[in-house]
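Colleague: I'm new to this one. Could you show me how to read it, feature by feature?

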Amino acid sequence: MDGAVLVTGGLGYIGSHACVELVRAGRRVVALDSLANSSAAVAERLAELTGRPLSFVHGDVRDIGLLIRVMREHGVDSVLHFAGSKAVGESVGRPVAYYDNNVGGSMALIAAMHGAGVRRLIFSSSATVYARGGAMPLVESSALDAGSPYGRSKLFVEQMLFDLRASDPAWSIACLRYFNPVGAHPSGRIGESPRGVPNNLVPFIAQVASGQRERLQVFGGDYDTADGTGVRDYVHVLDIAEGHVRALDYLERDGGGCVAVNLGTGQGVSVLEMLREYERASGRPVPYAVAPRRAGDVARCWADASLAQRLFDWRARRSVAQMCEDSWRWQCANPDGYR
Ligand code: NAD
Ligand code: WQD
């Protein structure tokens, strides 16, 4: 583990937590980010949290020349690829922009890795690649069929990476399918900083608890679940970050292959259960109203997380209470995110 790790999207929500965990594990890190959905302030906070300056490159992952230079200059031997666009709803209105950034960005990265002689890659995939309506829990061999341009961009990249590995055994690749990452670093210094109205449940609840929004709209109260609200597999962002460190160890230890692996807890939690847990953690009421179902939502979605345990010796350790406590600490210390 002499080489450095290039973290694309390293100032984003999950990438920034991964940087902290990589440095903690003794890795040399170079973060690259276009700041399309993040702030330069994150680099300073990462330096503060890790006790050393962060090597940060402001640039676009589609800039092949820049990527080759960065990998050569820093002696990179592995890449964690978080950079991309991630809003499912937005991807329906701007599909080509999503394919450009997510598929085009991954293709450019692969070309640059090829040019720099780097062959170890961890790709940020998503539970959204699984077909709707299948049996729970989702195993890695469950049917795949993403329901949005965003999801398809993830699926295309996964398939491209499998084809790449089949064509050239020098590559070792892990596609990590995250379920619902939530929470923040327990220091309250880094966390999720959505622009505008949050799309996701926990950031929205955080803004209701803090009084920035009046009430949560619960999208659907008539699902076939215990309390009628949607059930998801929420997983602490630091557990996700640790999963990357373990996956990298695995790729170094066991060498080749291309694997797709779920990162989740294996536990389903409903919208109302999450809301109650957040009320407990924050000591604040979270008013809500039941609204119509959101288009494209499924009733239930959770992981079988046993493959990650088997291959990486990883499992999510943090509870739903910790997810809410850490989200709340971040929210109170940074009511406007990084702005
Ligand atoms: P994020 O938006 O916070 O982080 C992505 C980072 O990539 C941002 O800092 C952004 O500025 C940067 N970026 C975007 N396009 C870029 C480009 N062309 N060049 C360089 N940098 C670029 O999102 P996140 O929640 O941290 O997600 C990270 C990855 O994980 C994404 O690929 C996302 O699709 C995937 N993912 C996220 C979730 C989730 O719920 N957050 C779930 C599953 C998968
Ligand atoms: C969770 C639950 C909503 C907001 C999304 C992406 C997925 C992945 C993770 C990237 C659902 C309900 C939400 C609100 C609500 N991202 N909800 N009121 O939809 O499971 O997954 O993020 O890869 O691809 O689709 O997460 O947090 O939006 O919703 O009632 O204001 O909360 O209906 O049941 P989702 P979410």
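Modeller: Sure, we'll go through the two ligands and then two residues. Keep in mind that this is a predicted model.

Colleague: Let's start with ligand 1. How many residues surround it, and which are the closest?

Modeller: A good habit is to begin with the list of neighbours. For ligand 1 there are 27 residues around it, and the closest are Ile-14, Asp-33, Asn-37, Asn-101 and Tyr-150.

Colleague: And what kinds of residues make up the shell around ligand 1, by class?

Modeller: Sorting a shell by class gives a quick feel for its chemistry. Here the shell around ligand 1 holds eleven nonpolar and eleven polar residues, plus five charged ones.

Colleague: Which elements supply at least two residues of that shell around ligand 1?

Modeller: For this step, we trace the neighbours back to helices and strands. Helix 1 (13-24), strand 5 (120-126) and helix 6 (149-167) each give at least two residues to the shell around ligand 1. Strand 5 has the largest share, with three residues.

Colleague: Which backbone atoms lie by the polar atoms of ligand 1?

Modeller: Here we look for pairs of N or O atoms within 3.5 Å. Ser-34 has a backbone N or O atom 3.1 Å from a nitrogen atom of ligand 1. A polar backbone atom of Ala-36 is 3.1 Å from an oxygen atom of the ligand, and for Phe-82 a backbone N or O atom lies 2.9 Å from an oxygen atom of ligand 1. As for cover, ligand 1 taken alone exposes 820 Å², and the protein buries 94% of that.

Colleague: On to ligand 2, then. Which residues come nearest to it?

Modeller: Same routine, neighbours to begin with. There are 18 residues around ligand 2, and Ser-126, Tyr-150, Gln-217, Arg-232 and Asp-297 come nearest. Tyr-150 is also among the closest residues to ligand 1. By class, the shell around ligand 2 has eight nonpolar, seven polar and three charged residues. Strand 8 (residues 216-219) provides the largest share of that shell, four residues.

Colleague: Which side chains have a polar atom by an oxygen atom of ligand 2?

Modeller: Again, the distances tell the story. Tyr-150 places a polar side-chain atom 2.6 Å from an oxygen atom of ligand 2. For Arg-294, a polar side-chain atom is 2.8 Å from an oxygen atom of ligand 2, and for Asp-297 the distance is 2.6 Å. Taken alone, ligand 2 exposes 690 Å², of which the protein buries 87%.

Colleague: Now single residues. Where does Lys-86 sit?

Modeller: We place a residue in the chain before asking about its cover. Lys-86 is in the loop between strand 4 (76-81) and helix 4 (88-93). Setting aside residues up to four places away in sequence, Lys-86 touches Asn-37, Tyr-98, Tyr-150 and Glu-192.

Colleague: Why does Lys-86 count as partly exposed?

Modeller: The label goes to residues between the cut-offs of 20% and 50% relative accessible area. Lys-86 has 44%, so it is partly exposed.

Colleague: What about Thr-229, buried or exposed?

Modeller: The cut-off for buried is under 20%. Thr-229 has a relative accessibility of 1%, so it counts as buried. It lies in the loop between strand 8 and strand 9 (231-232).

Colleague: And what does the side chain of Thr-229 reach?

Modeller: One partner is the side chain of Asp-227, in a polar contact at 2.7 Å. The side chain of Thr-229 also reaches the backbone nitrogen of Leu-272, at 3.5 Å. Beyond its neighbours within four places in sequence, the contacts of Thr-229 include Val-218, Tyr-223 and Ser-270.

Definitions and conventions. Residues numbered from 1 in each chain as written. Chains lettered and ligands numbered in written order. Predicted model: local features only at pLDDT ≥ 70, side-chain atom pairs only at ≥ 80, totals over all residues. Heavy atoms only, no water. Near = heavy atom within 4 Å. Polar contact = N/O pair within 3.5 Å; in protein donor to acceptor, adjacent residues only side chain to side chain. Areas by Shrake-Rupley, 256 points an atom, 1.4 Å probe, with all protein chains shown as cover. Nonpolar A, V, L, I, M, F, W, Y, C, P; charged D, E, K, R; others polar. Buried < 20%, exposed > 50% of the residue type's maximum accessible area, 1.4 Å probe, protein only. Contact = heavy atoms within 4.5 Å.
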